[in-house]
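Ready for some practice in reading a protein model? Keep the structure open beside you and try each task before you look at its solution.

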Amino acid sequence: MTRGQSQNGIKGVDLRSRASLAAVVVALSFGGLAARLWFLQIGQGAVFRDRSEHNRLKTVYIPPPRGVMTDRHGEELVSNRPSFNIEFIREDAPNPSVVLEKLGDVLGIDKAVLAERLEKNRARRQRFEPKVLLKDVSRDVVARVSSNRYALPGVFVSVTPVRRYPYQEMAAHVLGYLREATKAQLEGPLSETFLPGDLAGQYGLELSLERALRGQRGKQQIVVNALGTRVGELASEPVVSGHSLELTIDRGVQEAAEHALEGKRGSVVALDPKTGEILAMVSAPAFNPAIFSGDLSPGDWSHLSAEKRMLNRAIQGTYPPGSVFKVFMEAAILAEKVASPEERVHCPGSYWFKGREYRCHKKSGHGAVNLRSALIQSCDVYFYTMGQRLGVDTIYRYAAAFGFDELTGVELDHEAKGLIPSTEWKRRAFKRAGDQKWYAGETISVSIGQGAVSVTPLQIARALGSVVNGGRVMKPLLVRAINPSNGGVPDRSVGEPVVQRQVPVSDAALALVRSGMVGVVNEPGGTARRAQVDQSFGVMVGGKTGTAQVVGLKRRELATGKEAHQYEDHAWFAGYAPAEDPQIVVVALVEHGGHGGAAAAPVTSEVMNAFFGGRRARLAPSGEASTEHPADSKEGGAR
C-alpha cells in the first residue's frame, strides 16, 4: 500500500467517525427536544393551560347586596353603599414583592403592612384568587392606583356593597356589624356561601340572621389582555340580593331612649307586653358600626374598649335588680298565701335576725305597712319578713316561672342568663361542704333583689310584661317579617307572638300587684313620681323603682374620688302604661346612677312620651298637626 492510499483510508475512517458522532449529537438533541416537548405538553400541560386560561379568562365573583333592615314603620336603619377595595392577584405579578413596594410608594403605605395582609390566610387561598389589601378606600386612592395601573400588574380596584348606617350609633347593639368571615364561618354550616375575605355578620342581627341577609354571590367570566384589562365578557351567573328584615324596633322610641341615656352608662328596653315585640333596645355607651367597614386603627380599638362599648348591657349585662324584684316577690307572697293583702308588718327602720341588723332604706322606718303600701314605699323590712316565710327555694321557683335564671330566646347571640340562687345552686357552685350550706340570713338579701341575684334588663322587661298581660311570659321578638328579595310574600311567621309559659299566679293576685305599682308612680309616698308622662296624653303609669347596691354600705362610705362613683348604687325603674290597658313596658338601668326614682324613672318617662306622642301623630288626621310636649318635671321619692 502506498503512502497516499494509507492517508486516504485514515481520512475516510475519520469522516465516518465524525459523521457518527454528529448523528449521535443530533439524535440526542432531538431526543432532548422531544423529552422537553413531552414535559411541556404532557407533564406540565395542565399547569401551562391553567396559566394561559387565567391570562385570558378570569372569574370575577360579585358580592351580593345584603338585605336592608327597617323599623316597624318602614324607615331604613341599615342599607348599602358602594365601597372601593384595592385587591391583588399574586399570580398576575412577575415579582409580587416589587409590585407591593411600588404600591406602597404610590399610596404612602409601608410595604411590610401590605405584605402582611397579602400573606394572611394564604394557606386557604386558591390560585388566582384576589386578596384584599385595602378596604373601603377613598376616591383619591382609587385615582392614584388607576393612574399607575401599568406599573402595578395584578393590582386592581373592586367595587363591593358595604353597610350604611344612616343613624350612626342608633341601635348598634341590635343591628350589629360586618367583618371578614372568620375561620369558624369559613368551615361552618354556611361554608359553601363564603370565600376567604368575604364579609360576614359578626355581631347582632347581622350575625344571628346571616343566612337570610346574605344573599347569593354572582359569577362572571371576563376576557382580559396581558395587562389584566377587561376586553370582553363570557357567561355569568346573576347576583341574588339578601332578604330584607322588618324589625319590631320603633325608630322614634329607640331615638328617645338613646337620648335619655346620653352621657350615662346603662340600658333601656321597651317592649309590647302583649306580643313581646321589642320597641327599643339601648346599651350605652354605644359604637358606630360603620367603623368596621374599613381598616380599624389602634385608636378605633381603644375607643371601642373604652367603657365596654361593645357590651350589649340589655342582654349581656347582669345586675342585682334591687327593689324591682319586690314586684315578683309580691306575686309569690300572694300565690303561696304566706300573708294576706291586709296583714301589716311594723317597720322600725331595721330588721334583726340572729343578732345581725338588716337596714331598711328609710332609717326612721315606715311604721305599719301591708302588701300594697310596702310596695309603694318600697319597705325593705316587709320583704325581709316575707322572704323568711317563703324560703329561698320558693322564691327561686317563682322567679324561674317569671323567666329569670334562663335565656329569653331573643334573636341575638351571647345572651347572659343571670342567676337566681337556691339551695341546689349553692351545692353545685361551691366545692367545700361548709360553703354549700344555705343560711337563712342569705334569704334576707335575696328577698330584696340583692345577694347573689343577678338579672338582665331584658329579663326584667319580659317578666314585668307577664305581670301586666295576665301572666303570659312572652318570647322577646326583634324581627316582624323577612321580606324576600324577589318581591315574594313576606314571611311573618318569625314575628308571631310566642307564649313561653303561664306563671302560676292568679289574675286577682296580679291585679293586686299592679295596683301597688300604680301607687308607686301616682300616690303620695310613692317612689317614682318622676315616671309620670305628659298629662296631655291622659295616660297613667305604673311601675317600680330599684336601687341596687354594688358594694357594702361601709365600704361605700369610706370610698372617695373616682372609686366613690364606681361604688354608687345602680338605678332601676321598670314601668308600664296605660295602667288600665298596658301597651308598653319600659325598663331603664343607669349604672351607678344612685336612686332609681331620681335617675331611672325620668328615662322611662322620656321613652313613654315618645311612644304615646308617636302614636298620636300616626293617628292624627292627614294634615292635622299633633302636639307633643316633654314630660313635666316632678319631684318625688328617690328609692
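Buried means under 20% relative accessible area, exposed means over 50%, and partly exposed lies in between. Keep in mind that this is a predicted model.

**Exercise 1. Find out how E406 and R462 are paired, and say whether each is buried or partly exposed.**

Solution, step by step:
- Start with the pair: R462 and E406 form a salt bridge, with their closest N and O atoms 3.1 Å apart.
- Next, place the partners: R462 is in helix α19 (residues 457–468), while E406 is in the loop between α15 and α16, 56 residues away in the chain.
- Now use the cut-offs. E406 has a relative accessible area of 22%, so E406 is partly exposed.
- R462 has 3% relative accessibility and therefore counts as buried.

**Exercise 2. Do the same for the salt bridge between E246 and R480.**

Solution, step by step:
- The side chains meet at 3.4 Å, N to O.
- This pair links distant parts of the chain, from strand β10 (residues 244–247) with E246 to strand β18 (residues 479–483) with R480, 234 residues apart.
- E246 is buried because its relative accessible area is 12%.
- R480, at 24%, counts as partly exposed.
- To widen the view, the structure holds 31 salt bridges. A network of them links R66, R163, D198, E206, E210, R214 and R217.

**Exercise 3. Describe how strands β14 and β15 are joined.**

Solution, step by step:
- Look at the direction: β14 (residues 350–353) and β15 (residues 356–359) run antiparallel, and four bridges join them.
- Pick one bridge: W352 has E357 in β15 as its partner.
- Then check the turn. Two residues lie between the strands of this hairpin, and K354 takes a positive phi near 50 degrees.

**Exercise 4. Which residues make the nonpolar surface patch of about 390 Å²?**

Solution, step by step:
- The patch is made by V26, F30, L33 and L37.
- Take L33, which sits in helix α1 (residues 3–43).
- With a relative accessible area of 46%, L33 is partly exposed.

**Exercise 5. Judge the confidence of the model along the chain.**

Solution, step by step:
- Begin with the average: the chain has a pLDDT of 87, and 87% of the residues score at least 70.
- Then look at residues 623–638, where pLDDT stays under 50.
- Finish with the whole chain: 24 helices and 22 strands are present, and 49% of the 639 residues count as buried.

Technical notes: Residues are numbered from 1 along each chain as its sequence is written. This is a predicted model: local features need pLDDT of at least 70, side-chain atom pairs count only at pLDDT 80 or more; totals for chains, interfaces and linings use all residues. Side-chain values use heavy atoms; hydrogens and water are left out. Two strands pair if DSSP finds at least two bridges between them. Patches are made of residues with over 30% relative accessible area and no salt bridge: like charges are joined within 9 Å, nonpolar side chains (Val, Leu, Ile, Met, Phe, Trp, Tyr) within 5 Å. Accessible areas come from the Shrake-Rupley method with a 1.4 Å probe; for residues, only the protein chains shown count as cover. A salt bridge is a side-chain nitrogen of Lys or Arg within 4 Å of a carboxyl oxygen of Asp or Glu. Buried means under 20% relative accessible area, exposed over 50%, partly exposed in between (1.4 Å probe, protein chains only). pLDDT is the predictor's confidence in each residue, from 0 to 100. Contact means heavy atoms within 4.5 Å.
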